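Visitor: I'm new to this one and would love a close look at a single part of it. Could you bring it up and walk me through it?

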Amino acid sequence: MKRFILLFAALGVMCQMSYAQTPMVSGQVVAADDGKPLVNVSVTVKGSPTGTLTDVEGNYSLPVPQGATLVFTFIGMNTEEAVVNGQTLNMRMTVNSIAIDEVVVTAMGVQTEKKRLNFAVQNVNADQLTEGNFINFTTALQGKIAGVNVTSAGGSPNSGSQLIIRGISSVNPSQNNQPLFVLDGMPISANAASAADFNPNDIASVTVLKGAAASALYGQEAANGAIMITTKQGAAGKLTVSANASLQIDLPAQLLETQSKYAPGALGFYKEKTGGGWGPLLDADVERYDNVKNFFQNGFYHKYDVNLTGGTEKFQAYASANYSKADGIVPNDYLQRTGVLVKGSYKISKMLSVTLMANMSNKKYRSAGSISSIYSWPVNDDIRDYKNGDGSVRFRYLADKKEDSPVSPLWSRYMDSGVNSSTRNLLQGSISFKPLKGWEIIGRVSYDLSHTSYDGYSVPRFDDMEILDFSDPTKPYFTADELASVKDRSIFGEYVYNSSASSLLNMNIMSTYHLDLPQEFGLDFLAGAEAKMRESRSGHAAGRDFISPGIYSLSNVKEQVIGTDVYLSHSRRRIAGAYGELRADYKGVATLSGTVRWDWSSTIERTFNPYFYPSVTGGVIFSELFDIAGEVFSYGKVRGNYAMVGKDAPFGLFDRKYMQYTSLPDGGYALNSTLSVGMDIVPEVSKSWEVGLDLRFFNSKTRLDVAYYSTQTDNQIVTVRVSHAAGHVLVTRNEGNVRNQGVELTLEQDIIKNNTVSWTAALNFGLNRGKLVGLPEGMYEIQGTQYGDIFPSAVLNESTTAVAGSDYLRTDDGQVICDANGYPKISPTKGVYIGNREPKFLAGLSTTFKYKNFSVGALLNGRVGGHVVNVTGRGLVSSGMHKSLEVYRGRQVVWDGVVEQADGTFVKNTTPIVLDYTTITNYYAAVSSNFLEDGSFLRLSYVTLAYDFSKLLKSKTFRTLQCSLTGTNLFLLTKYTGSDPQANGDTGAGGTGSAGIDNYQVPSTRGFNFTISAEF
């Protein structure tokens, strides 16, 4: 790091010396088509390392001898040269032959003109990523990429997120459905949650490869698509310093209201030692507390980062450092992050160049934990009153079983301790060798190492040092018999420590060659091989019941259970692949390509290694081929592709299944006969095809891209129940098929575009229909994580994101059947198909308006359809705390249903019933279909106002000085009664996932951010 800083300082000194000896030349660089200034154009003296970049107004200034030649280069523009003859030299740059679209980064880090690609790909640049000031850059992709669905576990700074492209492909809960994350051409160990380790201000662009054809070269790990992250890099010219500082306040956006009319109790009567709200009406003079509101607080986030860039024609370097801390709306829920990125490239000769990068990050955090108890806390008791005057724990009451005595959840937040620490070191290096014109050989290696630890304890709720002679219900102490009957001894304090580490070593070598043929034909060859090794280990140690209260140490516990409290695990997974691509091109208007790949995986039996899959793509720019472009219709391309991609098995299927039995005399291990060893597992295979149109109108001011795709994943790896005669209860095997079909549309419009004003808008639309079209005989669903009697499921011939649970008995047309007394009949069948969490479509509308130095950016995103399971709401109803009970409790109603007659016909139910405790708990809360809600929403994700003050200061110190004010999650229009319809019960869940499950998640937040950015 010190060497880089010294290098930058030396560069600055040399630049200042040259300024004093050589006359200055200045000017402005603009686009020839609209006269708009071009930012960050590289201006260099031909044959010399001297150079600079243009500022936000397109201006540049540097020392140049008279008669020298200046070279102007910019992506998407023709390189221009001009001889210096005076002190002013302006330049108008024209769009080059490939600039009908931008250059994007595709598989294996290859930069390709977008018009040559024959699959759907979308790019988000640095300004679009940081416009909304999101902490996690993957959140910024929601609404900006068609076909991408991002869900969150809540409003905590530690809440995870999940990103799915074009639906889920594997229904096995052990299989991951998130895309592969690739940093500067190399796969990294990350998902949407851990991608938050990367500083958004270090990212130059993000390219999303959606279909199998787009990511086929990356192999099985990109079966669900790929997220290509390109970090910023150094540029030739003088040293440039950029700095940013952000302050943000976060408010709970939509807190759930609870009833405030009823006391705790049962059956409408007051009852001691109860919670919730099933008691009688509260007297008017009884003080009421809004415990949900009183539990949460306002959050605060602040971030600071600085980066330096500079270099010569041969050497360029980029370095950055950042620090941030976010305090959540739950007390003592925080995330503190520090990061450093150093990146340099050196051109050793015309043929040889090297690039090195190191990204180091550290974070400390404490998560929000469970907040379920705050929703059942009685309205007549203050949740903030969590300890007595002497500092001891305050029990709301002492239960008959004292260990069940309720304690305010704020006791845990303020008195218990839990610190997570995570360090991540990512190292990358590449070498490029160009022995001949058009031929390049690239070798890359990366090492991604993460280490995470947790150190925490819970303060004892009871003191077992003092034993009573007889039971005293007024004192928090136990008799000897009561103490012996306590099963969970964590009430006497608990200590937990765990540590885990994971690493990914990736090595890749690739060769590309371009061959020009007669008649304007061209061929591109690509071939390569890669090897990956993932290793992980985790250790856990815990114990409970402190010997000496106040000493929080593992050596100070009385109870430890081997196998539960103490364990250690290791894993290693290896993958190797060989790949190739051949691309043919005719005049740049017609392209045809094919790829092949072979993969070897350690999780697949040798008999089935390697496995092979190909792809083929084709596209024609018909507007150029038939010369039909004009002022109205500017550009048209049709494309199509077909691809196969494999996916290997989860880790450890070949291992014999052992488990520890505490009942054994030595507490040892024995074979687990429940699970079999999966010996004949073959890879899952996705077969995908896609067709698309790319159309431009009105001199490319209107841009439309439409894609239709269909993907079927066969050989699903599923775990099924078998006959006990087989010697096992569960066996993992290949059976089942998943199909995804969908449409994606992107519409971009330049509303106004001139030298003073620019106004653009973009609409992204995507719909997907996932269906489970095959399962083993006798099976009709694959279930995910259980939430009471509700299961996120994949149901045969229904959705891959279904909901299974309990329901009423219904007629063929769906009407609820009631008995003769007017009560609804509940179906005795459990786990029936009751809903679908997949939305009908997702959409996002973004816009950016710029006038001189002022700019406005905004994003509206939303969805139509898709069920959300309100598990939180169900808990509120069950405990008598739901706000609606203020209106409906005790009312006489007629259930909307029909009554079956003796002849089998049905008549409308007309018998009234009373909505009392028994009716609500037994006939409403007990039926999970009552808590399926429409997840449609429209959200104003952010609005950003920014202004550049650098010109007003009339100072040459600042190239830019911009202040911005951003509001996030400003508006939410939805029928959903929970906190947020964009919920996910478990962002780490594989298979059918937990998107659409609202399970007591931390409420989403509304943020107000102020950021100041400067460039020197």
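Visitor: To get started, how far apart are the mean positions of the positive and negative charges of the chain? After that, please take me into the largest nonpolar core.

Guide: Happy to! Keep in mind that this is a predicted model. The chain carries 90 positive and 95 negative charges, and their mean positions are 6 Å apart. As for overall form, the C-alpha atoms fill a box of roughly 100 × 65 × 65 Å along the principal axes. A compact globule of 1016 residues would have a radius of gyration near 31 Å, so the chain's 32 Å agrees with that. The secondary structure adds up to 11 helices and 59 strands, and buried residues make up 51% of the chain.

Now let's head inside. The largest nonpolar core has 33 residues, and among those with the most contacts inside it are Met108, Leu217, Met510 and Tyr579. Several elements each supply at least two residues of this core, including strand E8 (103-105), helix H3 (212-215) and strand E34 (633-647). In soluble globular proteins, nonpolar side chains tend to be buried together.

Let's stop at Tyr579. Leaving out residues up to four places away in sequence, Tyr579 touches Met108, Leu217 and Met510, among others. Its contacts also include Asn508, Glu530 and Arg597. Apart from the largest core lies another one, of 29 residues, with Trp377, Tyr386, Leu398 and Trp411 among them.

Sequence distance matters for the wider picture too: of the chain's contacts with a separation of 6 or more, 68% join residues 24 or more positions apart.

Key. Residues are numbered from 1 along each chain as its sequence is written. This is a predicted model: local features need pLDDT of at least 70, side-chain atom pairs count only at pLDDT 80 or more; totals for chains, interfaces and linings use all residues. Side-chain values use heavy atoms; hydrogens and water are left out. A nonpolar core is a set of buried Ala, Val, Leu, Ile, Met, Phe, Trp, Tyr and Cys residues joined through side-chain atoms within 4.5 Å. Buried means under 20% relative accessible area, exposed over 50%, partly exposed in between (1.4 Å probe, protein chains only). Helices (H or I, at least four residues) and strands (E, at least two) are DSSP runs, numbered from the N terminus. Contact means heavy atoms within 4.5 Å. The radius of gyration is taken over C-alpha atoms; the globule rule is 2.2 Å times the number of residues to the power 0.38. Lys and Arg count as positive and Asp and Glu as negative; His and the chain ends are not counted. The place of a charge is taken as NZ of Lys, CZ of Arg, CG of Asp or CD of Glu.
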